[in-house]
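Reader: Please go through this structure with me and explain the terms as they come up.

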Amino acid sequence: MKAVSSFKFRVSSSNSAIDPKPETRNPKPFGLYIHIPYCLSRCHYCDFNTYRLDDAHVQQYLDGLAQEITLRASAMAIRDRRVCSVFFGGGTPSILQASQLIGILDHCRAAFTFEDGVEVSLEANPGTVDLPKLRTLWEGGVTRLSVGVQAVQDRLLQRIGRAHAACEAKRAFWLMREAGFSNINLDLMFGLPGQSIGDWSETLDWAISVGPEHVSPYGLILEEGTPLHQEHRQGEIGLPDEEAEAVMYGMAVDRLLDAGFEHYEISNFARPGFRCRHNLVYWHHQEYLGMGAGAHSFLAGRRFYNELLPASYVRAISERGTAVAGDEELSAEMLRSERLMLGLRLRAGLDVQVFKDVLSIEDLSASDRVTRLLDDGFLRVKEGRVQITERGLLVANELIVQLL
Ligand code: SF4
């Protein structure tokens, strides 16, 4: 890991003082990520960089964010490039007032150059939205909402420490529609403690019946250090076994495909034309700039990240003029491996030639690892692309590790 000081942004108060010749402009668009590190309470499975909402410090955080937006927009790697997507993630961005969120968005719009039709996504949790807030967000330019529904059984939501009841999630969805949103994602979770296949089926039925544009069914991951992980170690929770999880995932795939969704990434399904632009930036290994506490960026072959704690982030911005806490120049090999890892998550897979380049092989049959996965039906080659098969989807992460 290189020292922070080895990476410097060019700081300027103006974003338009020098206009580089058109031929020197980098035409590649990039994504913006804005981290809002606050939640109503902490879910029992969560290891994200998020904290209980603390009104006393929110304004300081927003001031720091505004400063970072101004400073970053003048960096050479970004100047004269267009933003294709903005993603407010967290945490629970919708915990803030709509005027605060639109203030950040307006600041970004003024500081950066947005593409026409830029996607602006915001993560919204039930219990933190009402109609006036949603209307202000819609009118202020938020184009897509991602709602953390997870399950439609109150006992399961309580078990994993969600701060909302199922009826609040259902109501939030209709309020979003009423406010004008026509691009809504529902996050759902399977493999929860005490969740039966019937529960999961009921959650999927509800999700499909309300007609969202996008659904993300995720399997629960027991992250070290979380209360659920602790309970699991002490043998206090009964989780669905691997076989039940496979049934749940397969059920999600079948039901969502039947309902007309495209399965475009392992855990993501969209109606035609509604794939998440921002997440595609990550999966296509395109560049992005993350701002806010702990946010990561990938620009000009480097990966860098901000101070994790909101207080340290705010202090660093005001004292040093940057909150970057660490950065790393990625070698050509690391970049290729990342491309393989991310590309294989997409159902479309990876171009065969790129796949061969990453593994430094002339021919697929020259690699025992590859031929074994092909023969065992975990990988396939289709129309010039290497793809993970239906059989391989549930163990995709292990497959990728085996390949690398
Ligand atoms: S709402 Fe999301 S970010 Fe917040 S604690 Fe729960 S899982 Fe974590």
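Author: The turns below take up some terms and set values against them. The model is predicted, so local features need pLDDT of at least 70 and side-chain atom pairs count only at pLDDT 80 or more, while totals for chains, interfaces and linings use all residues. Residues are numbered from 1 along each chain as its sequence is written, and side-chain values use heavy atoms, with hydrogens and water left out.

Reader: Why is Asn183 called buried?

Author: Buried means under 20% relative accessible area, exposed over 50%, and partly exposed in between, with a 1.4 Å probe and protein chains only. Asn183 has a relative accessible area of 12%, so Asn183 is buried.

Reader: Where does Asn183 lie, and which residues is Asn183 in contact with, leaving aside its neighbours within four places in sequence?

Author: Asn183 lies in the loop between α5 (166-179) and β7 (184-190). Helices (H or I, at least four residues) and strands (E, at least two) are DSSP runs, numbered from the N terminus. With those neighbours left aside, Asn183 is in contact (heavy atoms within 4.5 Å) with Thr143, Arg144, Leu145, Arg177, Glu213 and Phe274.

Reader: How do you know that the span of helix α6 agrees with its number of residues?

Author: The expected span is 1.5 Å times one less than the number of residues. For the 14 residues of α6 (residues 197-210) that should give 20 Å, and the end C-alpha atoms are 20 Å apart, so the two agree.

Reader: Which elements do the buried residues of α6 pack against?

Author: They pack against β6 (144-150), α4 (154-159), α5, β7, β8 (214-219) and α8 (242-258). Among these buried residues are Trp200, Leu204 and Trp206. Gly211, with a positive phi near 75°, follows α6.

Reader: Why does Cys108 not form a disulfide with Cys84?

Author: A disulfide is a pair of cysteine sulfur atoms within 2.5 Å. The closest cysteine sulfur to that of Cys108 is in Cys84, 13 Å away, so it is too far for a bond. A search of the whole structure finds zero disulfides. Cys108 counts as buried, at 0% relative accessibility.

Reader: What makes β15 and β16 edge strands?

Author: Two strands pair if DSSP finds at least two bridges between them. The open sheet has three strands in the order β15-β17-β16, with antiparallel pairing. β15 (350-351) and β16 (379-382) each have a single partner strand, so one side of each is left without a neighbour in the sheet. Four bridges join β16 to β17 (residues 385-388), and Lys382 stands opposite Arg385 in β17.
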